[in-house]
Amino acid sequence: MSHTAHVLRRYLPILAFISVLTMYIEMAVLPSIYRIENEFSVSASEVSWVLSAETLGGLALAPVIGKLADEYGKKRVLMIVLDYLHSVSAIHQYFTELLSLSGL
């Protein structure tokens, strides 16, 4: 087995899991779009940036989270990421906060 195949076999499942997790989070936010729009008094085009920010943040952090999962364990890193996402969703007061924190 070549080195490239070994690396792909090692990291591909983690990266695939993180991308599925990112899609799941998007689908969890999707039903709340109308509520976000009404609560923050913003337009539908502005609310769409929330999904874009989450997607771009997930894509940028996927390799980093994958590496951390390799070093510290998948369950531990997954729980930290989920705790962060849960706490971020609870503390925003302004739309700009929601947008910036959901992108991280």
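How many helices and strands does the secondary structure of the protein come to? It comes to five helices and zero strands, with helices being DSSP runs of H or I of at least four residues and strands E runs of at least two, numbered from the N terminus. This is a predicted model, so to speak, where local features need pLDDT of at least 70, side-chain atom pairs count only at pLDDT 80 or more, and totals for chains, interfaces and linings use all residues. Residues are numbered from 1 along each chain as its sequence is written, and side-chain values use heavy atoms, leaving out hydrogens and water.

Of the 104 residues, 28% count as buried (under 20% relative accessible area; exposed is over 50%, partly exposed in between, with a 1.4 Å probe and protein chains only).

Now for helix H2, residues 33–40. Its two faces look like this:

| Side of H2 | Residues |
|---|---|
| Buried | Ile33, Ile36, Phe40 |
| Exposed, on the other side | Tyr34, Arg35, Asn38, Glu39 |

The buried residues cover an arc of only 65 degrees around the axis, which puts them on the same side of H2; the arc is taken from the directions from the helix axis to the C-beta atoms. Just after H2, serine 41 takes a positive phi of about 55 degrees.

What about helix H3, residues 44–72? Its axis and that of H2 come within 10 Å and cross at roughly 125 degrees (lines fitted to C-alpha atoms over the stretch in contact, angles from 0 to 180 degrees between N-to-C directions). Ile33, Ile36 and Glu37 of H2 make the contact with Ala44, Val47 and Leu51 of H3, contact meaning heavy atoms within 4.5 Å.
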